[in-house]
Amino acid sequence: MERRHLLRGAVVGAGAVAFGFTMTRESFGYPAQTGPSPYGALRAADANGIQLPQGFTSRIVARSSQLVAGTSHRWHGAPDGGACFADGSGWIYVSNAELSNGAGGAGAIRFNANGGITGAYSILSGTNRNCAGGATPWNTWLSCEEVSRGYVYETDPRGVNAAVRRPAMGRFNHEAAACDPDRRVIYLTEDETTGGFYRFIPTTWGDLSSGTLQILTQNGSALRWVTVPDPSAASTLTRNQVPDTRRFNGGEGCYYRGNICFFTTKGDNRVWAYNAAANTLDIVYDDNLTANPPLTGVDNITGTPVGDLYVAEDGGNMEICIITPDDVVAPFLRITGQNSSEICGPAFNPAGNRLYFSSQRGTSGSSSGGITYEVTGPFRTSR
């Protein structure tokens with residue numbers, strides 16, 4: 001805590017300190033600094049307890065343990081990571097269930113072109129602590145188990161095809177996944193205090209039944225991907241099989257855009273940028289490196305084509321914060337009256353004018369009290 005206060009009192013400028021890796025030209029503005037949101041200040045809480053900028057509105061689309069409106073499907077407890085998928089003129093929002101003892105899985109809500117709910121259903125069941133995951137370019141949802149030697153499950157957002165376990169992607173404390181179609185790999189985070197950062201290289205792009213699991217290593221300032229000898233972790237955990245593994249303190253969400261995989265680590269409140277084209281690693285945000293940091297408890301992350309990143313808080317003051325391409329970090333929304341919860345699963349619909357997310361434990365503080373929201377408004381398409 002003394003180090004945090006010291007650094008916050010004397011903010012380190014962009015590129016001024018190299019944390020054992022190369023600070024690249026692409027990261028000229030890193031790390032992000034506290035500043036004004038492009039959407040302006042937050043207004044008073046609305047009827048749903050959500051503080052939003054001017055012009056934005058919220059609605060509740062589902063509550064754990066209750067039927068989704070107009071359907072016979074009961075929404076799962078502890079809603080966590082999520083994503084949106086195009087569905088004709090409408091879309092589908094999928095959400096994980098971070099429940100233990102075989103009660104985990106994932107569910108989906110289908111929306112029409114006007115945002116009306118037309119269906120809801122399960123797409124995965126019988127699994128454990130499905131935390132985050134990621135969407136694939138072939139329109140499946142990777143649901144990741146956050147348990148030791150957990151699996152990745154590939155699921156069908158439309159609920160037509162049965163979910164398939166993908167052991168080739170490794171057995172570890174999975175958190176999130178992000179697909180890189182340029183190099184045809186999938187990045188994976190690990191929620192451990194000494195966790196690794198992985199990439200899976202499918203034998204055939206679009207088929208996750210076989211492939212090679214690698215882990216990022218660092219020797220001096222050199223970063224290198226090394227194959228994990230035993231992805232099943234039968235005798236040794238995957239993160240401990242390769243010398244010089246680059247350790248990350250509590251890997252959380254990840255999101256890929258334009259040669260860069262952005263990912264978060266909750267143990268040190270950081271957002272990272274792995275530049276796959278340059279093979280470099282940078283700190284996008286660190287709450288030690290800005291005055292009055294608005295973002296703490298970093299967790300799930302998503303982004304928009306204009307370059308904005310949206311990072312959800314696990315705890316903190318229950319905000320989703322925006323990090324702009326100009327490297328300004330500011331609150332975008334805040335949930336009030338739910339201090340025993342966390343924000344999960346931020347995802348935009350295909351048009352980019354609706355943002356979905358969940359409060360995992362809602363006002364009750366219990367996994368059975370989760371609430372899934374939609375925010376609609378003038379999200380920016382240019383800057």
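Begin by selecting Y39 and F379, both of which are buried. The model on display is a predicted one. The rings of Y39 and F379 make an edge-to-face aromatic pair, with 6.3 Å centre to centre and 80 degrees between the planes. Y39 belongs to the loop between β1 (33-34) and β2 (50-51), and F379 to the segment after β27 (371-376), so the pair ties together parts that are 340 residues apart in sequence. In total, the structure holds 29 aromatic pairs.

**Second stop: F111 and Y356**

Next, select F111 and Y356, whose rings form a tilted aromatic pair at 5.0 Å centre to centre, with 40 degrees between the planes. This pair also links distant parts of the chain: F111 is in strand β6 (residues 104-111) and Y356 in strand β26 (residues 354-359), 245 residues apart. Are these two residues buried or exposed? F111 counts as buried because its relative accessibility is 2%. Y356, at 0% relative accessibility, counts as buried as well.

**Third stop: the largest nonpolar core**

Now display F332, L333, L355, F357, V375 and F379, the residues with the most contacts inside the largest nonpolar core, which has 21 residues. Strands β22, β23, β24, β25 (343-348), β26 and β27 each supply at least two residues of this core. The greatest contribution, four residues, is made by β24.

Centre the view on L355 and show its surroundings. Setting aside neighbours within four places in sequence, L355 is in contact with I320, F332, L333, P346, A347, F348, Y373, E374, V375 and F379.

**Fourth stop: strand β23 and its partners**

Select residues 319-323, which make up strand β23. Five of the five residues of β23 are buried, so the strand is largely enclosed by the rest of the structure. To see how the side chains are arranged, display them as sticks: E319, C321 and I323 point one way from β23, while I320 and I322 point the other way, and all are buried.

Extend the selection to strand β22 (residues 309-313), which runs antiparallel to β23 and is joined to it by four bridges. Which residue of β23 is the bridge partner of L309? The partner of L309 is I323. The hairpin of β22 and β23 has five residues between the strands, and within this hairpin G315 takes a positive phi near 90 degrees.

Then add strand β24 (residues 328-335), which pairs with β23 in the antiparallel sense over five bridges. On this side, the bridge partner of I323 is V329. The residue I323 is thus a useful point to centre on, with L309 as a bridge partner and V329 as another. The hairpin formed by β23 and β24 has four residues between the strands, and D327 in its turn has a positive phi of about 65 degrees.

**Fifth stop: a ring cluster and charges over rings**

Select Y187, F197, W225, F248, Y256, F263, W272 and Y274, which ring pairs link into a cluster. Add R246 to this selection: its charged end sits over the ring of F248, 4.8 Å from the ring centre. Another arrangement of this kind is found by selecting R165 and Y151, where the charged end of R165 sits over the ring of Y151, 4.2 Å from its centre.

**Sixth stop: the loop around T194**

From F248, proceed to T194, in the loop between β13 (185-190) and β14 (197-204). T194 is partly exposed, having a relative accessible area of 37%. Residues up to four places away in sequence not being counted, T194 touches R239, R247 and F248. A distance label between the C-alpha atoms of T194 and N240 should read 9.3 Å, although the two residues are 46 residues apart in sequence.

**Last stop: the cysteines**

How many disulfides are there? The count comes to zero. Two cysteines illustrate this result. Select C131 and C344: the sulfur of C131 has its closest cysteine sulfur in C344, 6.9 Å away, which is too far for a bond. C131 is buried, with a relative accessible area of 4%. Then select C179 and C254: the closest cysteine sulfur to that of C179 is in C254, at 9.1 Å, again too far for a bond. C179 counts as buried at 10% relative accessibility.

Terms used:
Residues are numbered from 1 along each chain as its sequence is written. This is a predicted model: local features need pLDDT of at least 70, side-chain atom pairs count only at pLDDT 80 or more; totals for chains, interfaces and linings use all residues. Side-chain values use heavy atoms; hydrogens and water are left out. Buried means under 20% relative accessible area, exposed over 50%, partly exposed in between (1.4 Å probe, protein chains only). Two strands pair if DSSP finds at least two bridges between them. Rings of Phe, Tyr and Trp (its six-membered ring) pair if their centres lie within 6.5 Å; planes under 30 degrees apart count as stacked, over 60 as edge-to-face and the rest as tilted. A charge sits over a ring if NZ of Lys or CZ of Arg is within 6 Å of the ring centre and within 35 degrees of the ring normal. A disulfide is a pair of cysteine sulfur atoms within 2.5 Å. A nonpolar core is a set of buried Ala, Val, Leu, Ile, Met, Phe, Trp, Tyr and Cys residues joined through side-chain atoms within 4.5 Å. Contact means heavy atoms within 4.5 Å.
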